[in-house]
Amino acid sequence: MAEYQKVEYRIAKDGKITETVIDASGAACTSTTSGIENALGEVETQELLPEYYEGDDNVTGTEQQSLKQK
């Protein structure tokens, strides 16, 4: 059965993109968005929320990143 994560993107007036991964934990947070991050540009900052460290047993988590466009 496929796993689905929700990814939210917020784009500020200055063009800064904030990415939030919802319903994922551990490595799934970062692997879910790696392709689009490569397409958008360099990751300026990354804030891993507590859910990232809870492991694959818990599938409710978020991750936020700020991306700089190419």
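**Exercise 1: The whole chain**

What does the accessible surface of the protein chain come to, and what percentage of it belongs to carbon and sulfur atoms? While you're at it, work out the order of the elements.

*Solution.* Keep in mind that you're looking at a predicted model.
- Step 1: The accessible surface of the protein chain is about 4700 Å², and carbon and sulfur atoms account for 50% of it.
- Step 2: Now go for the elements: the chain has one helix and four strands.
- Step 3: Walk along from the N terminus and you meet them in the order β-β-α-β-β.
- Step 4: Of the 70 residues in the chain, 24% are buried.
- Step 5: Take the contacts between residues at least 6 apart in sequence: 57% of these join residues at least 24 apart.

**Exercise 2: The hairpin**

Find strands β1 and β2, and work out in which sense they pair and over how many bridges.

*Solution.*
- Step 1: Mark residues 6-11 as β1 and residues 17-22 as β2.
- Step 2: Check the pairing: these two strands run antiparallel to each other, with six bridges.
- Step 3: Pick out some partners. Tyr9 has Glu19 of β2 as its bridge partner, and Arg10 sits opposite Thr18 in β2.
- Step 4: Look at what links the strands. Five residues lie between β1 and β2, which form a hairpin. In the turn you'll spot Gly15, whose phi is positive, at about 90 degrees.

**Exercise 3: Thr20, buried or exposed?**

Decide whether Thr20 is buried or exposed, and find the side chain that makes a polar contact with the side chain of Thr20.

*Solution.*
- Step 1: Locate Thr20 in strand β2.
- Step 2: Its relative accessibility is 6%. The cut-off for buried is under 20%, so Thr20 counts as buried.
- Step 3: Follow the side chain of Thr20 to its polar contact, and you arrive at the side chain of Arg10, at 3.3 Å.

**Exercise 4: The salt bridge**

How many salt bridges does the structure hold, and which residue does Arg10 pair with in a salt bridge?

*Solution.*
- Step 1: Count them: there is one salt bridge in the structure.
- Step 2: Name the partners: Arg10 forms a salt bridge with Glu8, and their closest N and O atoms are 3.2 Å apart.
- Step 3: Ask how open each partner is. Partly exposed covers the range between under 20% and over 50%. Arg10 has a relative accessible area of 41%, so Arg10 is partly exposed. Glu8 is at 31%, so Glu8 counts as partly exposed too.
- Step 4: Put Arg10 together: its side chain has a polar contact with the side chain of Thr20, and Arg10 has a salt bridge with Glu8.

Key:
Residues numbered from 1 in each chain as written. Predicted model: local features only at pLDDT ≥ 70, side-chain atom pairs only at ≥ 80, totals over all residues. Heavy atoms only, no water. Pairing = 2+ DSSP bridges. Buried < 20%, exposed > 50% of the residue type's maximum accessible area, 1.4 Å probe, protein only. Polar contact = N/O pair within 3.5 Å; in protein donor to acceptor, adjacent residues only side chain to side chain. Contact = heavy atoms within 4.5 Å. Areas by Shrake-Rupley, 256 points an atom, 1.4 Å probe, with all protein chains shown as cover. Salt bridge = Lys/Arg side-chain N within 4 Å of Asp/Glu carboxyl O.
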